[in-house]
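Reader: I should be grateful for a close look at a single part of this structure, namely one of its pockets and what surrounds it. Please explain it in a connected way, as I am in my first year of study.

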Amino acid sequence: MTWDLPLWQSLLPIGRHPATGGYRRYSFTEADSGCREWFKNAAAERGLRVECDSVGNLWAWLDVRDDLDRGGAIVAGSHLDSVPDGGAFDGPLGVVSAFAAIDLLSERGPEPVRPVGVVAFVEEEGARFGLACLGSKLLTGVVAADVARDLTDSEGISFAEAIAGAGLDPGLVGADGGLAERVAAFVELHVEQGSALDGMGAVVGVAESIWPHGRWRIDFDGRADHAGTTRLADRRDPMLPYAATVLAAREAASECGALATMSKVRAVPGGANGICSAVHAWLDARAASEETLESLVARVMECARGSADQHGVTVTSRCESFTPVVEFDRDLRDRVVTALARRGTTAPVLPTGAGHDAGVLAGVVPTAMLFVRNRTGVSHSPAEYAEPEDCAAGVEALAAVIEELACR
Ligand SMILES: [Zn+2]
């Protein structure tokens, strides 16, 4: 197959910002409703039955005859929402590839003996309501409906209001207790968010685990003052311990082979000619083990406290989200690797530092992930890119996996 799919082309213009070329597909906005229309059309063109669950996640089903049905469905998919000015591939590649894999299967494959589904989860990036993988976390009960309903976006619009605006009933939001019974396996294909596959000379990889990761909010409280009249010695400037903490996070992460990022910061009130009264900062940290992650975060907080003391600033912190290590189902992974090897594709098994809906689903149903090579490794950026031949190889791999799981 080739990657010049009308399905992909028709999704590309939706939610792309003309000035940056990046995507702003935030949940339950106009761009998102364009994506949802696109999904429903893609399903209709293939004769798939569309369902929207209580959370707003979209499902397209290829049903099987009752006399063939051997039980739980095989579902592939990913998400259609984006980070601010995100790339074209993160999320949509998995949804487009799932539809394209169903096309390949119906062209060449044996008839499925299990239902096959395509899913697009809402709010995976957490770009609008601040909680990543919200759609899959609600569906699996990892996040309670009450907590989700009260989440607000930057304009104060609550999740409950947003989904009501999309025609859903906020009162019905909640976990699907029948998920594990209905879905026998979930496979998420995703563009690689790094360049490990390129280094190995491989086009497609299989996920081993997702590193434990979390987000911490750190608040530095000092004293607002005049930039021109307050002597350096008299200042209680929260920007200084904040700056020391950013550097400490980088150093600690580098020393323990982990990742730490402090990219979100708010200076209050944030005038150029005044000392801030407060700095609100966020730490994103990820490591291969929970022990390493704990000690990394402890080191960063220790530095924050030490430096805050030196500058007469108080510091408080709290964990906003934490996701423990996710080990994907070993049997399913072995089956995926073997199915690919039979078709001549050597798919290395690798860990990743990025969270995914697949990591959330893994707590409830056997789950696997396929990664498609990203030669530059750039992601969450308009420059994110995967070669057309690699995307086509990803569809071939996904079709092989669905055939293995759904047609036997
Ligand atoms: Zn993604």
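Author: In this predicted model, helix 3 (92–108) and helix 13 each supply at least two residues of the lining of the second largest pocket. Helix 13 gives the most to that lining, with six residues. The second largest pocket has a volume of about 180 Å³, and 14 residues line it. Of these, Arg 108, Arg 343, Glu 396, Ala 399 and Ala 400 lie nearest the centre of the pocket. By class, the lining of the second largest pocket divides into eight nonpolar, two polar and four charged residues.

The two helices may now be taken in turn. Helix 3 has 17 residues, which at 1.5 Å a residue should span 24 Å; the C-alpha atoms at its ends are 24 Å apart, so the expected and computed values agree. Of those 17 residues, 13 are buried, and helix 3 is therefore largely enclosed by the rest of the structure. A residue counts as buried when its relative accessible area is under 20%.

Helix 13 has a part in the interior as well. The largest nonpolar core has 60 residues, and those that touch the most other members are Trp 3, Trp 38, Phe 39, Phe 99, Leu 340, Leu 370 and Leu 398. Helix 13 (residues 388–406) provides the largest share of this core, eleven residues. A second, separate core has 24 residues, including Ile 218, Met 262, Ala 281 and Val 313.

Trp 38 shows how one member of the largest core is surrounded. Leaving aside residues up to four places away in sequence, Trp 38 touches Leu 7, Ser 10, Leu 11, Ile 14, Leu 80, Val 95, Val 96 and Phe 99.

From the open pocket one may turn to the enclosed spaces. Rolling a probe the size of a water molecule over the atoms shows where empty space is left. There are two cavities of 30 Å³ or more. The largest cavity has a volume of about 70 Å³, and among the residues that line it are Asp 32, Cys 35, Arg 36, Leu 80, Asp 81, Phe 121 and Glu 123. Helix 2 (30–45) and strand 4 (116–121) are the elements that give two or more residues to this lining. Helix 2 gives the most to the lining of the largest cavity, with three residues. In the lining of the largest cavity, six residues are nonpolar, one is polar and four are charged.

The second largest cavity has a volume of about 30 Å³. Its lining consists of Trp 59, Val 75, Val 119, Phe 121, Leu 179, Val 183, Phe 186 and Leu 361. Strand 4 and strand 5 (183–191) are the elements that give two or more residues to the lining of the second largest cavity. That lining has eight nonpolar residues, no polar residues and no charged residues.

Val 142 offers a view of the outside. Val 142 is found in the loop between helix 4 (134–139) and helix 5 (145–150). Its relative accessible area is 55%, and Val 142 therefore counts as exposed, since the cut-off for that term is over 50%. Not counting residues up to four places away in sequence, Val 142 touches Lys 137 and Val 360. Val 142 and Gly 363 are 221 residues apart in sequence, and their C-alpha atoms are 9.1 Å apart in space.

Methods
Residues numbered from 1 in each chain as written. Predicted model: local features only at pLDDT ≥ 70, side-chain atom pairs only at ≥ 80, totals over all residues. Heavy atoms only, no water. Core = buried A, V, L, I, M, F, W, Y, C linked by side-chain atoms within 4.5 Å. Buried < 20%, exposed > 50% of the residue type's maximum accessible area, 1.4 Å probe, protein only. Helix = DSSP H or I, 4+ residues; strand = E, 2+ residues; numbered from the N terminus. Contact = heavy atoms within 4.5 Å. 1 Å grid on protein atoms, 1.4 Å probe; cavity = no way out; pocket = protein on both sides within 12 Å on 5 of 7 lines; lining within 4 Å. Points joined across faces, edges and corners; volume = space filled by probe spheres on them. Nonpolar A, V, L, I, M, F, W, Y, C, P; charged D, E, K, R; others polar. Expected span 1.5 Å × (residues − 1).
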